[in-house]
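User: Hi! Could you walk me through the ligand site, the voids and the salt bridges of this model?

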Amino acid sequence: MTVIADQIQRIQASLPKGVQLVAVSKTKPVSDILQAYEAGQRIFGENKVQELTGKYEALPKDIAWHMIGHLQSNKVKYIAPFVSLIHGVDSFNLLQEINKQASKCNRVQDVLLQFYIAQEETKFGFTLEEATAMLQSDPFKSLQSVRIIGVMGMASFTSDKEQIRREFNQLKSIFDQLRIQFFGNTDSFKEISMGMSGDYEIAIEAGSTLVRIGSSIFGGR
Ligand SMILES: *Cc1c(COP(=O)(O)O)cnc(C)c1O
């Protein structure tokens, strides 16, 4: 068995029920992805549109491709025909463009709202107030071709595990509030995308349902 296949099976076996693995394959070749695929992995995450479309074309069609990076509105059209989940929706403008392109493809696109939980200036995402304002607005309610199925966030890049835990707990609490206030406790609003190679165990304890793991599977970049 290859190292990649071994890591996929080790991590998969360690995940509790209800937590799915997004194998983050950015910068890695198709041959690496195939090793993970042959070990049973079917969800892969990429953060660049061009790389994502190239890999989609080259690889088996039963892969669920997740866009995990910052997405520019003018590039949505390239992934709209096939992308399974868009993690990083951080503005109404972007959501509107996803709605438009999904509609052209006769699809309803699943997305996650990205929240700003880190103590860092560089991270993208809504605050709870911004998201609440959007979800209450009439322009939002008119969108027919997007479905918000949860939230996503990234913790600070720090070795302080308690800080990371607080940030993940904050995302879980945002999820709980939105679910009650806007999604009528429905089962379609169910995903909390948090946790990467260095912090996914903490994320799972805080309620993650989707862990995005790259370097622990494929090695450093
Ligand atoms: C690269 C990336 C990951 C995976 O990071 P690792 O530390 O390699 O596991 C997860 N989420 C996002 C948004 C990323 O860009």
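Analyst: Happy to. A salt bridge here is a side-chain nitrogen of Lys or Arg within 4 Å of a carboxyl oxygen of Asp or Glu. Please keep in mind that this is a predicted model.

User: With that rule, how many salt bridges does the count come to?
Analyst: The rule pairs a side-chain nitrogen of Lys or Arg with a carboxyl oxygen of Asp or Glu, within 4 Å. One of the pairs is Glu205 with Arg165, at 2.7 Å from N to O. By this rule the count comes to 9 salt bridges.

User: How many residues apart in sequence are the parts that the pair Glu205 and Arg165 ties together?
Analyst: The side chains of Glu205 and Arg165 form a salt bridge. Glu205 belongs to helix H9 (residues 200-205) and Arg165 to helix H8 (residues 161-182), so the pair links parts whose separation in sequence is 40 residues.

User: Which side chain has an N or O atom 2.8 Å from an oxygen atom of the ligand?
Analyst: The residues around the ligand include Arg212, Gly214, Ser215 and Arg221. For Gly214, a polar backbone atom is 2.8 Å from a ligand oxygen, and for Ser215 the partner is again a polar backbone atom, at 2.8 Å. The side-chain contact, also with a ligand oxygen, belongs to Arg221.

User: How much of the ligand's accessible area does the protein cover?
Analyst: A ligand oxygen lies 2.8 Å from an N or O atom in the side chain of Arg221. On its own, the ligand has 390 Å² of accessible area, and the share covered by the protein is 90%.

User: How many residues of the shell around the ligand are nonpolar?
Analyst: Val24, Ile68, Met152 and Met154 are among the residues surrounding the ligand, as are Lys26 and Ser197. By class, the shell has 3 charged and 3 polar residues, and its nonpolar residues number 6.

User: What volume does the second largest pocket have?
Analyst: Its lining includes Asn47, Lys48, Met67, His70 and Tyr78. By class, that lining divides into 4 nonpolar, 4 polar and 2 charged residues. The volume of the second largest pocket is about 180 Å³.

User: Which helices each supply at least two residues of the lining of the largest cavity?
Analyst: The whole structure has 1 cavity of 30 Å³ or more, and the volume of the largest cavity is about 30 Å³. Val76, Ile79, Ile98 and Ala102 are among its lining residues, and the lining has 7 nonpolar, 1 polar and no charged residues. The helices asked for are H4 (76-79) and H5 (92-104).

Notes. Residues are numbered from 1 along each chain as its sequence is written. This is a predicted model: local features need pLDDT of at least 70, side-chain atom pairs count only at pLDDT 80 or more; totals for chains, interfaces and linings use all residues. Side-chain values use heavy atoms; hydrogens and water are left out. A residue is near a molecule or strand if one of its heavy atoms lies within 4 Å of it. A polar contact is a pair of N or O atoms within 3.5 Å; within protein, one must be able to donate a hydrogen and the other to accept it, and residues adjacent in sequence count only if both atoms are side-chain atoms. Accessible areas come from the Shrake-Rupley method with a 1.4 Å probe; for residues, only the protein chains shown count as cover. Ala, Val, Leu, Ile, Met, Phe, Trp, Tyr, Cys and Pro count as nonpolar, Asp, Glu, Lys and Arg as charged, and the others, Gly among them, as polar. On a 1 Å grid over the protein atoms alone, a cavity is a set of points where a 1.4 Å probe fits but cannot get out, and a pocket is an open set with protein on both sides within 12 Å along at least five of seven lines; lining residues have an atom within 4 Å of a point. Grid points are joined across faces, edges and corners, and a volume is the space filled by probe spheres set on the points. Helices (H or I, at least four residues) and strands (E, at least two) are DSSP runs, numbered from the N terminus.
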